[in-house]
Structure formats: C-alpha cells, structure tokens
Amino acid sequence: WREEQKRKLMDALAHKNKKIIVDVDIGAPELLIPEDIYRSDSPMLAVDLGRIQAYNDDEALNDASIGNFDDQWRVIISNIQVRSTNVASFYAALKSGRRLSHEFNNEGQLVEAFSID
C-alpha cells in the first residue's frame, strides 16, 4: 500500500500542469536580545519582525525574463521595528499577554518602522 501511495504521489508531482497555491499572512516573531537576563534593569534590544505575507505572484509567471519556473511567490515583511527596552518591560508585557511592541508608542524606538517588499 505504501509503495503504491508513493508512486501516485510521485506521478502527481511529475506533471507540469500542477500549481501550488500559497496565501500566508502571519504575525512574525519578536527577537529579544538582552544584555544580561539575570538583571531586571538590564538593557535589551527588541526586534519586532512585524508581519510576514507570502502568496503566489501570477504577474511574475507572465514575465519571460524570470525563467521557466512553474510557481513564483512574493514575500513581504512589513512593519519591522527595532526598540530599546529592558528585561522588566518584557516580563510585564509577557504577563499581560501583549506583544512587547504594543507597550511603547515611540519610546525607545531606535529605527523607524519599515517594510521589505
């Protein structure tokens, strides 16, 4: 049975007219880099990767200069933020169930929010 399923899967993947539809929209992680995790007043760098979107780019499929690929995907990372904070602020945000980036307006912001398209 297993060999038959494997053969069917390989046959399905071998056909050129198959297309994978991708449409992903997720809240990206926050990278936290503390200077010293044992001190609550320790400075910490918080990099919020904002939002990641990935989807099929049908316009790129019509562009002959790209090559002979079956699928073209577009990935967008938006609202990236870099902030300076401390370990105590992280624990307070964690206890309240909020993301660390929601704890600040522009306080501690090192880099203005930007996107990569």
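User: I am new to this structure. How many helices and strands are there in the chain?

Analyst: Welcome! This is a predicted model, and a good way in is to list its elements. The chain has three helices and six strands. Starting at the N terminus, their order is α-β-β-β-β-α-β-α-β.

User: What share of the contacts in the chain joins residues 24 or more positions apart?

Analyst: Here the idea is to set distance along the sequence beside contact in space. Among contacts with a separation of 6 or more, 63% are between residues 24 or more positions apart.

User: And how much of the chain is buried?

Analyst: Of the 117 residues, 21% are buried. The accessible surface of the chain is about 8,900 Å², and carbon and sulfur atoms hold 54% of that.

User: Which residues form the nonpolar patch on the surface?

Analyst: Look for Ile33, Leu45, Leu110, Val111, Phe114 and Ile116, which together have about 500 Å² of accessible area. Strand 6, residues 109-116, gives the largest share of the patch, with four residues. Ile116 is a residue of strand 6, and its relative accessibility of 45% makes it partly exposed.

User: How do I read a salt bridge, and how many are there in the whole structure?

Analyst: The general idea is that side chains of opposite charge can pair when their charged atoms come close. A search of the whole structure turns up three salt bridges. Let us take them in turn.

User: Where are Arg7 and Glu4, and how far apart are they in helix 1?

Analyst: Both are in helix 1, residues 2-14, and because they are three residues apart there, about one helical turn separates them. Their side chains meet in a salt bridge with an N to O distance of 2.6 Å. Arg7 is partly exposed at 43% relative accessibility, and Glu4 is partly exposed too, at 34%.

User: Which parts of the chain does the pair of Arg51 and Asp25 link?

Analyst: The side chains of Arg51 and Asp25 form a salt bridge at 2.5 Å, N to O. This pair links distant parts of the chain, with Arg51 in strand 4 (residues 51-56) and Asp25 in strand 1, 26 residues apart. From C-alpha to C-alpha, Asp25 and Arg51 are 7.2 Å apart in space. Setting aside residues up to four places away in sequence, Asp25 touches Arg51, Ile52 and Gln53. As for the surface, Arg51 is partly exposed at 36%, and Asp25 is partly exposed at 42%.

User: What about Arg39: with which residue does it form a salt bridge?

Analyst: Its partner is Asp41, with the closest N and O atoms 3.2 Å apart. Arg39 has a relative accessible area of 37% and is partly exposed, whereas Asp41 has 54% and counts as exposed.

User: Now a polar residue in a strand. Is Gln81 buried or exposed?

Analyst: The trick is to compare the relative accessible area with the cut-off: buried means under 20%. Gln81 has 10%, so it is buried. You will find Gln81 in strand 5, residues 73-86. The side chain of Gln81 makes a polar contact with the side chain of Asn79, at 3.2 Å. Beyond its neighbours within four places in sequence, Gln81 contacts Ala46, Val47, Asp48 and Ala113.

User: Last one: what should I look for at the start of helix 3, and what just after it?

Analyst: Check both ends of helix 3, residues 87-96. At the start, a side-chain oxygen of Asn86 comes within 3.1 Å of the backbone nitrogen of Ala88. Just after the helix, Gly97 has a positive phi of about 80°.

Note on methods. Residues numbered from 1 in each chain as written. Predicted model: local features only at pLDDT ≥ 70, side-chain atom pairs only at ≥ 80, totals over all residues. Heavy atoms only, no water. Helix = DSSP H or I, 4+ residues; strand = E, 2+ residues; numbered from the N terminus. Buried < 20%, exposed > 50% of the residue type's maximum accessible area, 1.4 Å probe, protein only. Contact = heavy atoms within 4.5 Å. Areas by Shrake-Rupley, 256 points an atom, 1.4 Å probe, with all protein chains shown as cover. Patch = residues over 30% accessible without salt bridge, like charges linked within 9 Å, V, L, I, M, F, W, Y side chains within 5 Å. Salt bridge = Lys/Arg side-chain N within 4 Å of Asp/Glu carboxyl O. Polar contact = N/O pair within 3.5 Å; in protein donor to acceptor, adjacent residues only side chain to side chain.
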